[in-house]
Structure formats: C-alpha cells, structure tokens
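Here is a friendly walk through a few strands and the enclosed spaces of this protein. Have the structure open as you read.

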Amino acid sequence: MEDVFDYTIAPILGRRAVLGMVVLQSDETLEHDLRRILPQEEVALYISRVPSAETVSSDSLAAMEGHLSDAAALMPPALDFDVLGYGCTSATSVIGAGRVAELLRKGCPATHVTDPLSALVAACRHMGIMRLAFLSPYVPEVSSRLRAAVAAQGIKSPVFGTFNEAREHAVALIDGPSVTRAATALLQRGGAEAVFLSCTNLRTLDVIDAIEAETGAVALSSNQVMAWHMCQLAGIRPALRVGRLMAEPLFARSAE
C-alpha cells in the first residue's frame, strides 16, 4: 500500500527574472563570474553548454553555429526566459550577432538575447566611449575579426595587445597581475578612453577596479559587460558591482 499526498504549487524560482546562458564547453570562467554578479533572490540563472574546441581559431568558432539552437533548446522548456545569452565574444564576431540571436531564439524563445559583443557595444554607447584599447588573449586571426566587428559599430580600437594564446585552458589560467600589467601598458600608450579585456574565459572581475584606479580610464571586460547587459535587459540590479560601468548613477535608473 502506498500513500498519495496532495501538494501545493510554489512560485517559480525566478519570480523577478529568468535568465539563461549558453556557455562554451571549454569555458571555465563565465559561469562562475555570472553567479558572482547576478542577484540570486528571486532571480534564476540556467546554464547550457555548447560543444567547442579546446584550440581557438576562426574555423573552430564558426563550427559552433551548427550547435547553438540545440544548446539553447536544453533550457527548461516550461519557463519563459527574460534574457538568454551566448557566452563567446570571438565566435559572435565570426557568426554574427544577428545570426546568434536567431539561433538562440530558435531553441529557446527568450524575450531578449545578448552576447558579449552586443553587450560591449551597448556599454560603450551607454558610457559614450568611442575608442578602446583592446586586450585579447587570442591569436591574430581571431582578434582582428573581433576588432573589425566592433569597428563596424563605430567603436575604434587604435591600441591593441594580445597574449597570443590559442589554448582555452591556458587562457582560463592567465592570472590577474598579468591582465593588469597588459591593460595598464596599453592605456599608457594613449589614444583610448577605455580598455576592453576580451574573452569570457579570461579572469577579469577582480582586476577591473584596480585598473581603473591606477589608470583613471574605464575598464570593461566580456563577462562584466555581459552581466551588466543582462541586468539592464531584465530590469534588475547586479549583486556585485564591478567597475564604473555598474556604478551609480551610470547604471540604468529603470532597473529595479
């Protein structure tokens, strides 16, 4: 004999916002950073992974196009997503932000979609930034494609530097002092209003404030602008504020 019990229905976990992110299989950093920045009270973050190569090239980035819809479709189907993101800056420049949004919505019809490239453009326009010092971990063919995509949005990157590393696991292990030294050196060349630390696998959250304090310039990173843009689109405020981008009163007054 078994007992059958009645039950009552609770509200969904994301009463304020339901967020999703398609993270690269090889990414070790983005999910951790998002959970640090995004609020947790009545905000739900769901993660799916997309197959990706360990070594980054234009071809390996382009190959993700065929998997994006399937990865997005693995999100919980009963939920209405406020924002769905794709966590790869360089691949967005190869596939195209519009195509990324189309593929994500095919798998998961979210109200808003974003990616690090679109988030960077939104952040630069929000802060009135037109000239970036650009720091990339990747090899020239990948970095040049990304810079061209940013330039197509009217944002120049006259100063550029790279760690020239193609291995994703190695990128994830580049330490904070290395990023700080490189970013500071780029800004010291002059000609840029801000520095952009590209790549969702790069550890940047703990060095942004230090870079801004040392140089007087704005520091932006893929994970920071992505989290900021998700908060903007969902109308919520970040739990952890990183850099001037997330400082009051620059953060959108409409977000609650």
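## Strand S1 and its neighbours

Gly20 of this predicted model stands opposite Tyr46 in S2. Gly20 also stands opposite Leu84, a residue of S3. These contacts belong to two pairings of S1. With strand S2 (residues 43–50), S1 pairs in the parallel sense over eight bridges. With strand S3 (residues 83–87), S1 likewise runs parallel, and five bridges join the two.

How is S1 connected to S2? Together with helix H1 (residues 30–37), S1 and S2 make a right-handed β-α-β unit.

## How enclosed is S1?

Eight of the eight residues of strand S1 (residues 17–24) are buried, so the strand is largely enclosed by the rest of the structure. Take a look at the two faces: Ala17, Leu19, Met21 and Val23 point one way, while Val18, Gly20, Val22 and Leu24 point the other way, and all of them are buried.

## Strand S5 and its partners

Now move along the chain to strand S5 (residues 131–136), which is mostly covered, with five of its six residues buried. S5 pairs in the parallel sense with strand S6 (residues 156–162) over five bridges, and here Ala133 has Val159 as its bridge partner. Helix H7 (residues 140–151) joins S5 and S6 in making a right-handed β-α-β unit.

S5 has another parallel pairing, with strand S7 (residues 194–197), over four bridges. Which residue of S7 is the bridge partner of Phe134? That residue is Phe196.

## The enclosed spaces

Rolling a probe the size of a water molecule over the atoms shows where empty space is left. In this model, the count comes to two cavities of 30 Å³ or more.

The largest cavity holds about 50 Å³ of space. Its lining is made up of Leu24, Asp27, Gly87, Cys88, Thr89, Ser90, Tyr138, Glu168, Cys199, Thr200 and Asn201. By character, these lining residues divide into four nonpolar, five polar and two charged.

The second largest cavity has a volume of about 30 Å³. Around this cavity you will find Leu24, Ser52, Ala53, Thr55, Val56, Ser60, Leu61, Met64 and Glu168. This lining divides into five nonpolar, three polar and one charged.

## Residues to revisit

Two names are worth finding again in the viewer. Leu24 and Glu168 line the largest cavity, and Leu24 and Glu168 are also among the residues that line the second largest cavity. Leu24 is also one of the buried residues of S1, on the face that includes Gly20.

Key:
Residues are numbered from 1 along each chain as its sequence is written. This is a predicted model: local features need pLDDT of at least 70, side-chain atom pairs count only at pLDDT 80 or more; totals for chains, interfaces and linings use all residues. Side-chain values use heavy atoms; hydrogens and water are left out. Buried means under 20% relative accessible area, exposed over 50%, partly exposed in between (1.4 Å probe, protein chains only). Two strands pair if DSSP finds at least two bridges between them. A crossover is right-handed if, with the strands pointing away from the viewer, the path from the first strand over the helix to the second runs clockwise. On a 1 Å grid over the protein atoms alone, a cavity is a set of points where a 1.4 Å probe fits but cannot get out, and a pocket is an open set with protein on both sides within 12 Å along at least five of seven lines; lining residues have an atom within 4 Å of a point. Grid points are joined across faces, edges and corners, and a volume is the space filled by probe spheres set on the points. Ala, Val, Leu, Ile, Met, Phe, Trp, Tyr, Cys and Pro count as nonpolar, Asp, Glu, Lys and Arg as charged, and the others, Gly among them, as polar.
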